[in-house]
Amino acid sequence: MHADEMEPSAGETGVRLEIKFPLGNRTRAGVEAAIRLHPMGFERLHPTRRISNFYFDTPELSCFWASLSGANQRLKLRLRCYDGADGTGALEWKWRRGSSGRKWVIPVRWHGELAKQRWSELRSAFREALGGRQRASFDALALPTLMN
């Protein structure tokens with residue numbers, strides 16, 4: 001699946017624009033200073049929390065290889081959960097074009113601890129939460145490949 005095939009438009013529900021700011025080879029203190037002094041006036045939006053990510057890909061690992069090669073246009077799909085996966089999370093599709101990108105965020109639910117779920121049951125529950133284009137993209141990328 002090519003990144004352009006499923007890319008949403010800016011007006012679509014659940015889509016946000018992301019802009020990356022390359023900070024180069026800086027120390028942690030240098031990065032923190034760059035964020036604090038940036039003219040956009042960034043502020044902490046959330047308390048400190050644990051974030052779990054589950055990344056998905058094609059059987060050929062096309063998303064992984066696109067990222068590794070530094071492709072200008074790429075796509076990734078992940079399940080993101082906060083503070084221990086209590087039965088809620090979000091499927092997130094991220095498209096990159098150079099230094100900017102778009103992101104679909106679709107809330108999903110399951111029953112019980114995530115670590116005790118069967119993938120076939122989670123997959124069915126997630127598919128039910130998705131619209132047509134999102135479901136088609138999920139089906140193409142729904143091979144769990146990495147957890148962090």
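The lining of the second largest pocket in this predicted model divides into eight nonpolar, two polar and six charged residues. The space in that pocket comes to about 370 Å³, and of the 16 residues that line it, the ones closest to its centre are Y55, C63, F64, S67 and K76. As for where the lining comes from, β2 (51-57), α2 (62-68), β3 (73-82), β4 and β6 (143-147) each supply at least two residues, and α2 gives the most, with four residues.

Strand β4, one of the contributors to that lining, takes us to the next element on my list. β4, which covers residues 88-97, runs antiparallel to β5, residues 100-109, and 10 bridges join the two strands; as one example of the pairing, G89 has V108 in β5 as its bridge partner. The two strands form a hairpin with two residues between them, and in the turn G98 has a positive phi of about 65°.

Let me finish with the helices α3 and α4. The axes of α3, residues 119-128, and α4, residues 132-141, come within 9 Å and cross at roughly 155°. Because angles over 145 degrees count as roughly antiparallel, α3 is described as roughly antiparallel to α4. On the α3 side the contact is made by W119, R123, F126, R127 and E128, while α4 brings R135, F138 and D139. And how do the residues of this contact divide into nonpolar, polar and charged? Three of the residues in the contact of α3 with α4 are nonpolar, none is polar and five are charged.

Methods: Residues are numbered from 1 along each chain as its sequence is written. This is a predicted model: local features need pLDDT of at least 70, side-chain atom pairs count only at pLDDT 80 or more; totals for chains, interfaces and linings use all residues. Side-chain values use heavy atoms; hydrogens and water are left out. Two strands pair if DSSP finds at least two bridges between them. Axes are lines fitted to C-alpha atoms, for helices over the stretch in contact, and angles run from 0 to 180 degrees between N-to-C directions. Angles under 35 degrees count as roughly parallel, over 145 as roughly antiparallel, 65 to 115 as roughly perpendicular and the rest as oblique. Contact means heavy atoms within 4.5 Å. Ala, Val, Leu, Ile, Met, Phe, Trp, Tyr, Cys and Pro count as nonpolar, Asp, Glu, Lys and Arg as charged, and the others, Gly among them, as polar. On a 1 Å grid over the protein atoms alone, a cavity is a set of points where a 1.4 Å probe fits but cannot get out, and a pocket is an open set with protein on both sides within 12 Å along at least five of seven lines; lining residues have an atom within 4 Å of a point. Grid points are joined across faces, edges and corners, and a volume is the space filled by probe spheres set on the points.
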